[in-house]
Amino acid sequence: MSADAHHVAAAGHGHHDAHSEGGHGSFQSYMTGFVLSVILTVIPFWLVMGNVLDNSLVTTLVILALGGVQMVVHVIYFLHMSTKSEGGWTFMALIFTITLVVIMLAGSVWVMYHLNHNMMPMDAHDVMNNAR
């Protein structure tokens, strides 16, 4: 193969070079992500096992918030997703996916709540009033 053929063949593959579009992280960035992930895992474990917060609703909300932060840490430090990688298309796909998941979850909770509310058996007092 001539030098020109190598140049032409390599030109087609240069657009997908991982190092030019965000690439893989350094050892330091992986360790930063690992340490943050461990911290964000240990805190909820400590909250539950130590019964630190008296209100279970507050504990649940704190755990959910820390879980959300941990997902962001994983996306940034391990999946290397940013607005710059692949021209922003991976980030747009992530936003689209999150939007669909939120719509599905909210719709499912809404349907289940209304099914529960509408399908509950009526008590004897309501049956007698509706019979008249």
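Helices and strands are here runs assigned by DSSP, a helix having at least four residues and a strand at least two, and they are numbered from the N terminus. By that rule the chain in this predicted model has 5 helices and 0 strands.

**The whole chain.** Display the entire chain and follow it from its beginning: the pattern along the sequence is α-α-α-α-α. Next, show the surface. Its accessible area comes to about 10800 Å², and 72% of this belongs to carbon and sulfur atoms. Of the 132 residues, 12% count as buried. Among contacts between residues at least 6 apart in sequence, 51% join residues at least 24 apart.

**The annotated regions.** Select residues 30-49, 61-79 and 91-113, which an unreviewed UniProt entry annotates as "transmembrane region". In the model, residues 30-49 are 100% helix, and the C-alpha atoms at the two ends lie 28 Å apart. Residues 61-79 are 89% helix and 0% strand, with 26 Å between the end C-alpha atoms.

**Helix H2.** Select residues 27-49, which form helix H2. This helix has 23 residues and reaches 32 Å from its first C-alpha to its last, close to the 33 Å expected at 1.5 Å a residue. Now colour Gly 33, Ser 37, Leu 40, Pro 44 and Leu 47, the buried residues of H2. An α-helix has 3.6 residues a turn, so residues three or four places apart point the same way. Against which helix do the buried residues of H2 pack? They pack against H3. Just after H2, select Asn 51, where phi is positive, at about 50°.

**Helix H3.** Move on to Asn 55. At the start of H3, a side-chain oxygen of Asn 55 comes to within 3.0 Å of the backbone nitrogen of Leu 57. Then select residues 56-77, the 22 residues of H3; at 1.5 Å a residue they should span 32 Å, and the end C-alpha atoms are 31 Å apart, which agrees. The buried residues of H3 are Thr 59, Leu 66, Gln 70, Val 73 and Val 75. These buried residues pack against helix H2 and against helix H4, residues 89-119.

**Gln 70.** Finish by centring the view on Gln 70, which lies in helix H3. Is Gln 70 buried or exposed? Its relative accessible area is 16%; because buried means under 20%, Gln 70 counts as buried. Leaving aside neighbours within four places in sequence, Gln 70 is in contact with Ser 37, Leu 40 and Thr 41. Two of these, Ser 37 and Leu 40, are among the buried residues of H2.

Note on methods:
Residues numbered from 1 in each chain as written. Predicted model: local features only at pLDDT ≥ 70, side-chain atom pairs only at ≥ 80, totals over all residues. Heavy atoms only, no water. UniProt positions renumbered as here; feature names shortened; annotations may be inferred. Expected span 1.5 Å × (residues − 1). Buried < 20%, exposed > 50% of the residue type's maximum accessible area, 1.4 Å probe, protein only. Contact = heavy atoms within 4.5 Å. Polar contact = N/O pair within 3.5 Å; in protein donor to acceptor, adjacent residues only side chain to side chain. Areas by Shrake-Rupley, 256 points an atom, 1.4 Å probe, with all protein chains shown as cover.
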